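Thanks for coming, everyone. Let me put the structure up, and then we go through its salt bridges, its cores and its empty spaces.

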Amino acid sequence: MRQWQGNSIYFGGDYNPEQWPEETWPEDVDLMRRAGVNLVSVGIFSWALLEPTPGRFEFGWLDRVLDLLHDGGIQVDLATATASPPPWLARAHPETLPRRADGTILWPGGRQAYCPSSPVFRERSLELVRAVAGRYAEHPAVVMWHISNELGCHNVHCYCDVSAEAFRGWLRERYGDLDRLNDAWGTAFWSQRYGDWAEINPPRTVTAFANPTQQLDFLRFSSEELRAQLRAEREVLRTLVRQPITTNFMIGMGVKHMDYQSWASDVDLVSNDHYMTAADPQAHLGLALAADHTRGVAGGDPWLLMEHSTSAVQWQPRNVAKLPGQLRRNSLAHVARGADGVLFFQWRASRAGAEKFHSALVPHAGPDTKVFREVCQLGADLKALAEIRGSRVDADVAILFDWEAWWAVELDSHPSVDVTYADRMNALYGSLWRAGVTADVVHPSADLSGYRLVLVPTLYLVRDADVAALHRYVEAGGTAAVTYFSGIVDANDHIRLGGYPGAFRELLGVRTEEFFPLREGEKVRLDDGSTADVWTEWVHPDGAEVLASYTDGPLPGVPALTRNQVGDGAAWYVGTRLDEPATDRLVARLLAETGVRPAASAPPGVEVVRRRDGDRTWLFAINHTDTEVRLPAHGVELLTGGHCAGELALPAGEVAVVREDRT
């Protein structure tokens, strides 16, 4: 893997000088220097300018931009510019345009108007990569290469004939012969058996429920087709350039159809885009979860926040602006959880186009604004925090997450539409956050030996090897907590027979004979005082200790919460959807049993995270409340924010970072 350059925290954002008159560019560089910007992403959506007609490249404007940035001391993350093809490609090759499941063609005029399986798009895009990389491989401003942009954001699934043929080829490689495919897809049901590869199509619009394994395989295929584009561009770059290579993932934004865990090995550093939902008053929890998940995908290594917003975006129904101080809190929360760079979309707010109302580092009103003043303050903060670069985040808890399990659990024709993949993960994570405990969000195949507690929310689809690994973890002394609708199916979405929760029956010491999902709005009570909704099931203990049972609902007296001693460890089963207070109490019991402690003693609403490099540690404290709070702080040196004299005084909405005493 190629290493990041320099020893400072990256700060900047997308820079699109092609949107502005050239006389604006020197002012941009002056303002960047004033703000402390040291890295900008350039050329992301510039294919139509770089190659205005097929095979004719015009680099003069980009030459001048890169030279100007270099002279100003600004480093560049240079894009391959393949993110959105120019209109001439669709005109010459309409077969490159993507189609929806119902056959609707998606035309140019937005972005990413291409079929990921198109050989024509692949050929033309790689020719552009070769041209750009060949020209700028040794340019002194370029310290990083940026493949495409948010791959699959708008075109992850294409159902055209080109995609259909590519899907058949992918299936041939996966299964080898039709007998194995028919078995995996369960085609004996509804007379779906295939006798020729040509009979197979993507799961286009059908009369009833589409074959679930066909749907699942198409989701796998679609992620792999986008990954193939990523890898193809990477291979071209690696023959021509020496700088590290990345692309921006979209972890934690509800974007579910790219398996980023499998993509992580294809980049030299993991980068992520994250935008908050303005309507969510607890959006800072989602931000923290996204950051912890990005760190998990990065294998615990530092990562780069490639995009977030200084204030409002333009694509939500109501685009609420960030209040004073929120820009800083959001940015440093990402840094607390492992980001070694903080970049925004974009440098200067656009005056035209679909994103003209999206906030930027330089707003429409110019630098004499709240936003730009806060940008300058953040630049100073990040400069003061340079010493933390390369450090890692402390976490004693892991949450298991698998994109394929997400895809599978939310297919149609299931027991309850109210069972969604993110629900229990968000609930358990929220309880950990309120307890001041940091978690790594990792794949089920990850090494779990370093964690005291592993949470397994709604892992509906799970592989045998991952089940065995979790069992070994518990036997060796670990504690795991598994929620309902986990372990139900294998990798082909086939039910694991013999009783639920299937793959986890032995580990959990329970057997469920039937699901009893609840009606909309229906609630049940447990004999420990808890309240739950959405889900109940007829659980029989098979060695497990019963911790709580239902007092009402369809299953009075039936266990809802159990604990099973396995070797030196314990496995808990949560067979219902506990409400927030009950989930908080459950997590508190798990933390007490495992000895997991918060990063620091802090009042409610204060986020505390610790980064570590050898015996050096830094504590981040983020006050999300509207009042000043005080935290114990002995023998520490304040790097930024707050006041410190025996204790840390943290004003409302403020962030403080302290270097802790090595003892």
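Start with Arg231, which is partly exposed at a relative accessible area of 35%. One caveat before I go on: this is a predicted model.

Arg231 has a partner. It forms a salt bridge with Asp266, with the closest N and O atoms 3.2 Å apart. The two come from distant parts of the chain, 35 residues apart. Arg231 sits in helix H8, while Asp266 sits in the loop between helix H9 (260-263) and strand S7 (271-273). Is Asp266 buried or exposed? Asp266 has a relative accessible area of 1%, so it counts as buried.

Next pair: Arg610 and Glu660. Their side chains meet in a salt bridge, 2.7 Å from N to O. Arg610 belongs to strand S23 (residues 606-613) and Glu660 to the segment after strand S29 (655-659), so this bridge ties together parts 50 residues apart in sequence. Arg610 and Glu660 are both buried.

There is also a network. Arg174, Asp217, Arg220, Asp402, Glu404 and Arg463 are joined into one by salt bridges that share partners.

Third pair: Arg56 and Glu58. Here the N to O distance is 2.2 Å, again between side chains in a salt bridge. Arg56 is partly exposed, with 39% relative accessibility. Glu58 is partly exposed as well, at 37%. How many salt bridges does the structure hold? The count is 48.

Back to helix H8 for a moment. Gln214 is found in that helix. Its relative accessible area is 8%, so Gln214 is buried. What does Gln214 touch, once neighbours within four places in sequence are left aside? Its contacts are Phe167, Trp185, Tyr194, Asn201, Pro202 and Pro203.

Now the nonpolar cores. The largest one has 176 residues. Leu69, Leu78 and Trp145 have the most contacts inside it. Helix H5 (residues 119-136) gives the most to this core, 9 residues. Apart from it lies another core, of 14 residues, including Leu171, Ala184, Trp185 and Phe221.

Let me zoom in on Trp145. Setting aside neighbours within four places in sequence, Trp145 contacts Asp77 and Leu78. The list also includes Val132, Ala133, Tyr136 and Ala137. Further along the chain, its contacts include Leu237, Val241, Gln243, Pro244, Ile245 and Thr246.

On to closed cavities. How many cavities of 30 Å³ or more are there? The count is 4. The largest holds about 50 Å³ of space. Its lining is Arg424, Leu428, Thr483, Val574, Thr576, Leu578, Thr583 and Leu586. Helix H14 (421-434) and helix H17 (580-594) each supply at least two of the lining residues. By class, that lining is 4 nonpolar, 3 polar and 1 charged.

The second largest cavity also has a volume of about 50 Å³. Pro116, Ser117, Val156, His157, Cys158, Ser163, Phe218, Phe221, Ser222 and Glu225 line it. Helix H8 (residues 212-240) shows up again, giving the most to this lining with 4 residues. The split is 5 nonpolar, 4 polar and 1 charged. Phe221, in this lining, is also one of the residues of the 14-residue core.

Last topic: open pockets. The largest pocket has about 1,100 Å³ of space. It is lined by 40 residues, and those nearest its centre are Phe45, Gly110, Arg111, Ala354 and Glu355. Helix H2 (47-50) and helix H4 (87-92) each supply at least two lining residues. H2 gives the most, with 3. The lining divides into 20 nonpolar, 13 polar and 7 charged residues.

The second largest pocket has about 780 Å³. Its lining counts 38 residues, with Asp280, Gly286, Leu289, Ala422 and Asn426 nearest the centre. Helix H10 (283-297), helix H13 (403-409), H14, strand S22 (577-578) and H17 each give two or more. Which element gives the largest share? H14 does, with 10 residues. By class, this lining has 20 nonpolar, 11 polar and 7 charged residues.

One link to take away. H14 and H17 supply lining residues to the largest cavity, and both also contribute to the second largest pocket.

How values were computed
Residues are numbered from 1 along each chain as its sequence is written. This is a predicted model: local features need pLDDT of at least 70, side-chain atom pairs count only at pLDDT 80 or more; totals for chains, interfaces and linings use all residues. Side-chain values use heavy atoms; hydrogens and water are left out. On a 1 Å grid over the protein atoms alone, a cavity is a set of points where a 1.4 Å probe fits but cannot get out, and a pocket is an open set with protein on both sides within 12 Å along at least five of seven lines; lining residues have an atom within 4 Å of a point. Grid points are joined across faces, edges and corners, and a volume is the space filled by probe spheres set on the points. Ala, Val, Leu, Ile, Met, Phe, Trp, Tyr, Cys and Pro count as nonpolar, Asp, Glu, Lys and Arg as charged, and the others, Gly among them, as polar. A nonpolar core is a set of buried Ala, Val, Leu, Ile, Met, Phe, Trp, Tyr and Cys residues joined through side-chain atoms within 4.5 Å. Buried means under 20% relative accessible area, exposed over 50%, partly exposed in between (1.4 Å probe, protein chains only). Contact means heavy atoms within 4.5 Å. A salt bridge is a side-chain nitrogen of Lys or Arg within 4 Å of a carboxyl oxygen of Asp or Glu.
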